[in-house]
Amino acid sequence: MAKAIAKIDHFNLAAGRVLARKYEVISLLGGGWEGEVYLVREVATGIERTAKLFFPQRNLRDKAVKFYAKKLHKLRHCPIVIQYSAQDQITVKGIPVTLLISEYVEGELLSQFVARQPGKRLQPYQALHVLHALACGMEAVHRIGEYHGDLHTDNIILQRYGLGFDMKLVDLFQSPSSKRTAIQDDTVEMVRIFHEILGGQKHYAKQSRAVKDIINGQKRSLILKKFRSAAQLREYIETMQW
Ligand SMILES: Nc1ncnc2c1ncn2[C@@H]1O[C@H](COP(=O)(O)OP(=O)(O)O)[C@@H](O)[C@H]1O
Ligand SMILES: [Mg+2]
C-alpha cells in the first residue's frame, strides 16, 4: 500500500522558536497554498531574512523547494526578483519540513497599497507607473528565457513609491506549460494586474482610450497580438501617447 502523505495545513510557529538552530522566528508574514512565510533573524549575524516553510503535501520529494531555489538562483541578476540564500530541514509535529531562506523585503504588498487608496483603486497614470515598473523588471526575466508563473498583487512587494515604483517579486511557480507559453501568461497577467488596480471590470467602461488600448478587454489573443513579452509591453508604455 502506498505510504500516506504527511499533511500539514498550518505551522503556527511561535515567536522566539529557533529553526534548524540558525533562524529565530520573529513573526508570520503570510501564508497561502504552498506554505507559510516567516520573518526570521539569522542567529549568528542578527540579519533579518525570510523563511518559507513548505507544506509537505505541496512539496513532494522537495520538488517545489528545488524548483524555487534553482529558479531564484538563475534569476539572481534580475533586480526585481528576491535573492535566494539557503535551504534547510526542520521537524514539525514529527514530520520533516523543508524551509527556504531568502532576503527579507521591507514594504507593502501591492494588494494592500491598492486597498488603502481612495475608492480602493489607483489613478490611471499611477497604475501605468506600476505596470511600467513591473514590465521593466520582468523584461530581464523574460530576456533569459524565464518566467514568473504566478504574477498577482499578493506576490508583488512595493518597497518605495514616488514618481515611480520600486518593487520585488516573490513566489515563483512552476508552470506546466512550455516556457514560451509561460512568458505569454506572465504578459497577460501583467495586463490583468493593471486592469485590477484600476478598479477592475466595474470601472473599465469609463477608462480612457489609452488605458483600453493596453487592457484590450482582457482578451488574451488581443493582448498577445500587441505584447508578446514584458519587453514589448515596456516599449509600448514608453512610446505611447497618453
Ligand atoms: N521575501 C519576502 N519579504 C517580505 N515578505 C514576504 C517575502 N516573501 C513572502 N512574503 C510575504 O509572505 C506572503 C506569502 O509568501 P509567498 O511566497 O507568496 O507564499 P504563498 O505560496 O503562500 O503565496 C507574501 O504574500 C508576502 O506577504
Ligand atoms: Mg504568494
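**Chat about ligand 1 and its shell**

Trainee: Okay, polar contacts. Which polar backbone atom is 2.7 Å from an oxygen atom of ligand 1?

Mentor: One that belongs to Asp154. Keep in mind that this is a predicted model.

Trainee: And what lies 3.1 Å from an oxygen atom of ligand 1?

Mentor: That's a polar side-chain atom of Lys52. For a nitrogen atom of the ligand, look at Val105: a backbone N or O atom there sits 3.0 Å away.

Trainee: How much of ligand 1's accessible area does the protein cover?

Mentor: 89% of the 550 Å² that ligand 1 has on its own.

Trainee: Where does ligand 1 sit, pocket-wise?

Mentor: In the largest pocket; that's the space the ligand takes up.

Trainee: Which residues come nearest to ligand 1?

Mentor: Gly32, Glu103, Asp154, Asn155 and Asp171, out of 21 around the ligand. Asp154 is the one with that 2.7 Å backbone contact.

Trainee: What's the mix of classes in that shell?

Mentor: There are 9 nonpolar, 7 polar and 5 charged residues.

Trainee: Switching to secondary structure: which strands each supply at least two residues of the shell?

Mentor: S2 (23-31), S3 (35-42), S4 (48-54) and S6 (95-103). S2 gives the most, with 3 residues.

Trainee: Last one: why does ligand 1 lie between domain 1 and domain 2?

Mentor: Because both of them, domain 1 (18-103) and domain 2 (108-239), give residues to the shell around the ligand.

Technical notes: Residues numbered from 1 in each chain as written. Chains lettered and ligands numbered in written order. Predicted model: local features only at pLDDT ≥ 70, side-chain atom pairs only at ≥ 80, totals over all residues. Heavy atoms only, no water. Near = heavy atom within 4 Å. Polar contact = N/O pair within 3.5 Å; in protein donor to acceptor, adjacent residues only side chain to side chain. Areas by Shrake-Rupley, 256 points an atom, 1.4 Å probe, with all protein chains shown as cover. 1 Å grid on protein atoms, 1.4 Å probe; cavity = no way out; pocket = protein on both sides within 12 Å on 5 of 7 lines; lining within 4 Å. Sits in = over half its atoms within 2 Å of the grid points. Helix = DSSP H or I, 4+ residues; strand = E, 2+ residues; numbered from the N terminus. Nonpolar A, V, L, I, M, F, W, Y, C, P; charged D, E, K, R; others polar. Domains from an automatic or database assignment.
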